[in-house]
Amino acid sequence: MADTPAVRLDAYTIDGDVFKVLINEEEQYSIWPQKKQTPAGWTEVGCSGSKAEVSKYIDEHWTDMRPASLRKAMDTAKNK
């Protein structure tokens with residue numbers, strides 16, 4: 001009889017669970033379990049679904065990985 005790999009049963013890794021997309025003040029995105037309370041400093045963007053669905057949303061909307069403060073600083077330096 002072959003050994004079966006153990007499945008981690010937590011809200012962060014279960015396939016089939018519903019996730020939500022969060023964004024912080026630096027305009028960085030995160031995937032968070034729908035069942036969990038949104039942590040301080042993060043805001044729900046209104047997108048939820050499977051891990052694949054929310055990942056697709058993030059890929060489409062988070063096109064510049066630099067934090068917002070860095071983008072602003074670089075824009076200011078460029079315009080001087």
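This passage walks through the aromatic pairs, the main nonpolar core and one buried polar residue of a predicted model.

Start with the aromatics. A search of the whole structure turns up 2 aromatic pairs. In one of them, the ring centres of Y29 and Y57 sit 6.5 Å apart with the planes at 65°, and since an angle over 60 degrees counts as edge-to-face, that is the label this pair gets. As for where the partners come from, Y29 belongs to strand β2 (residues 29-33) and Y57 to helix α1 (residues 51-61), so the contact ties together parts that are 28 residues apart in sequence.

Y29 also takes part in a pair with W62. Here the ring centres are 5.8 Å apart and the planes meet at 45°, so this pair is tilted. W62 sits in the loop between α1 and α2 (68-78), while Y29 is in strand β2, so this pair bridges parts that are 33 residues apart in sequence. Put together, Y29, Y57 and W62 make up one aromatic cluster.

How buried is Y29? Its relative accessibility comes out at 16%, and because the cut-off for buried is under 20%, Y29 makes the list. W62 is buried too, just like Y29.

That leads on to the core. In soluble globular proteins, nonpolar side chains tend to be buried together. In this model, the largest nonpolar core has 8 residues, namely F19, V21, I23, Y29, C47, V54, I58 and W62. Two members of the aromatic cluster, Y29 and W62, are thus on the core's list as well. The elements giving two or more residues to the core are β1 and α1, and β1 supplies the largest share, with 3 residues. One core member, I58, can be followed through its contacts: setting aside neighbours within four places in sequence, I58 is in contact with V21, Y29, S30 and I31.

Not everything tucked away here is nonpolar, and N24 is the case to look at. N24 lies in strand β1 (residues 19-24), the strand that also gives the core its largest share. With 17% relative accessibility, N24 falls under the 20% cut-off and therefore counts as buried. What does its side chain do? A polar atom of the N24 side chain lies 2.9 Å from the backbone nitrogen of E26. Further along the chain, and not counting residues up to four places away in sequence, N24 touches G41 and W42.

Key. Residues are numbered from 1 along each chain as its sequence is written. This is a predicted model: local features need pLDDT of at least 70, side-chain atom pairs count only at pLDDT 80 or more; totals for chains, interfaces and linings use all residues. Side-chain values use heavy atoms; hydrogens and water are left out. Rings of Phe, Tyr and Trp (its six-membered ring) pair if their centres lie within 6.5 Å; planes under 30 degrees apart count as stacked, over 60 as edge-to-face and the rest as tilted. Helices (H or I, at least four residues) and strands (E, at least two) are DSSP runs, numbered from the N terminus. Buried means under 20% relative accessible area, exposed over 50%, partly exposed in between (1.4 Å probe, protein chains only). A polar contact is a pair of N or O atoms within 3.5 Å; within protein, one must be able to donate a hydrogen and the other to accept it, and residues adjacent in sequence count only if both atoms are side-chain atoms. Contact means heavy atoms within 4.5 Å. A nonpolar core is a set of buried Ala, Val, Leu, Ile, Met, Phe, Trp, Tyr and Cys residues joined through side-chain atoms within 4.5 Å.
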